[in-house]
Amino acid sequence: KAQEDRRQAEARYRNIYQNAAQGMYQCTLHGKILRVNPAFAKIFGYQQAAELISQVGDISNLYRDRNNRQQFVTALQENRVIINYEVEMQDREGKSVWAMINARLTDDTNGTPIIDGILIDNTKKRLAEDKLRRSREHFRYLANHDNLTNLFNTRYLYKSLERLITEHNATREPFSLVFLDMDNFKRVVDTYGHLNGSQALKEVAETLKECLAEPSFGVAYGGDEFVLVFPRTGKEAALLHVQKIRRLMKDTVYLTRKNLEVHMSASFGVATYPDDEVDSEGLLALADEAMFYVKSSGKDAVGIPGETQQT
């Protein structure tokens with residue numbers, strides 16, 4: 001009866017092992033695969049357990065990074081048991097398999113250490129979590145960035161100006177703000193269409209970013225208007241930056257990827273804290289006024305409160 005009970009218990013175990021939804025395996029500490037169940041083979045793209053054992057041989061070959069296998073073994077030797085160990089593995093085609101492993105270190109009948117493990121395919125959950133994380137990061141990005149140009153948006157501008165004023169109130173360092181408006185941009189849209197107009201603005205934004213080094217930053221203010229902020233920069237240095245941007249913009253041919261050749265320019269207005277104004281609204285207004293003066297008196301130049309510079 002004892003033999004019959006043992007035979008039935010072994011049969012039940014084999015049935016569980018063969019039909020389990022989770023991958024089950026045994027391997028040596030060095031990685032030699034001793035046995036796997038059908039679910040384990042299926043997770044890694046094999047039809048039969050014997051096929052996986054013969055073709056893979058060493059379980060380390062299933063790890064995306066073999067160093068992760070060694071870390072797993074080290075932790076198992078220290079603790080004898082590992083619960084919910086997540087690691088990136090790979091199937092027979094090289095595609096990522098995110099596995100959740102529960103394992104224990106035991107000995108076979110000869111006293112040789114072996115690893116008994118249960119492996120759950122966590123790939124779908126991991127991909128969903130990554131997608132959700134990227135979505136959250138994207139929404140956080142959009143909270144402060146313009147979707148078309150990837151420059152900062154006005155929300156970020158207003159927050160940053162208040163922070164800069166607070167900081168510069170303490171240090172008494174100047175900072176400069178630039179308002180710029182594209183010259184005759186409506187003509188570009190009327191000639192080449194709205195989609196090409198949007199592409200042109202994206203390319204203008206690239207020109208601006210090329211000339212801006214942190215902590216300076218650019219803002220898509222609306223339509224074809226942009227704002228540039230130069231922390232710790234007085235008016236003279238800001239004017240040098242703006243003239244560089246102005247020249248680069250004039251020298252750049254836009255929409256070449258659309259098989260077009262479009263030349264553009266802009267009008268600029270510069271205001272500096274605290275020389276011209278001591279609050280954000282006043283600075284924006286003065287820079288806008290200086291820019292508007294340039295627009296109304298010839299365009300393609302740099303204006304400052306009270307006068308206009310042109311090169």
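Me: What makes β3 and β4 a pair, and how many residues lie between them in their hairpin?
Reply: In this predicted model, for which local features need pLDDT of at least 70, side-chain atom pairs count only at pLDDT 80 or more, and totals for chains, interfaces and linings use all residues, β3 and β4 form a hairpin with 5 residues between them. Residues are numbered from 1 along each chain as its sequence is written, and side-chain values use heavy atoms, with hydrogens and water left out. Two strands pair if DSSP finds at least two bridges between them; β3 and β4 have 8, in the antiparallel sense, and therefore count as a pair. Within the pairing, valine 87 stands opposite alanine 99 in β4. In the turn, glycine 94 has a positive phi of about 90°.

Me: How do you know that β4 also pairs with β5, and which residue of their hairpin takes a positive phi?
Reply: β4 and β5 are joined by 9 antiparallel bridges, and the requirement is at least two, so they are paired. Alanine 99 stands opposite aspartate 121 in β5. This hairpin has 5 residues between its strands, and glycine 111 takes a positive phi near 85°.

Me: What is the partner of cysteine 27 in β5?
Reply: The bridge partner of cysteine 27 is isoleucine 115. Strand β1, residues 23–28, and strand β5, residues 113–121, are antiparallel partners over 6 bridges.

Me: Why are β2 and β3 called edge strands?
Reply: The open sheet has 5 strands in the order β2-β1-β5-β4-β3, paired in the antiparallel sense. β2 (33–36) and β3 (81–90) each have a single partner strand, so one side of each has no neighbour in the sheet. On average, neighbouring strands of this sheet are turned by 30° against each other, direction ignored.

Me: Which strands does helix α4 lie across, and which does helix α5?
Reply: Helix α4, residues 66–79, lies across β1, β3, β4 (96–107) and β5, where contact means heavy atoms within 4.5 Å. Its direction is at about 175° to β3. Helix α5, residues 123–144, lies across β3, β4 and β5 and runs at about 130° to β4. Axes are lines fitted to C-alpha atoms, for helices over the stretch in contact, and angles run from 0 to 180 degrees between N-to-C directions.

Me: Why is the protein described as more spread out than a compact globule?
Reply: The protein contains 10 helices and 11 strands, each a DSSP run numbered from the N terminus (helices H or I, at least four residues; strands E, at least two). Its radius of gyration, taken over C-alpha atoms, is 33 Å, whereas the globule rule (2.2 Å times the number of residues to the power 0.38) gives 19 Å for 311 residues. The value is well over that of the rule, so the protein is more spread out than a compact globule. Along the principal axes, the C-alpha trace spans about 105 × 50 × 25 Å.
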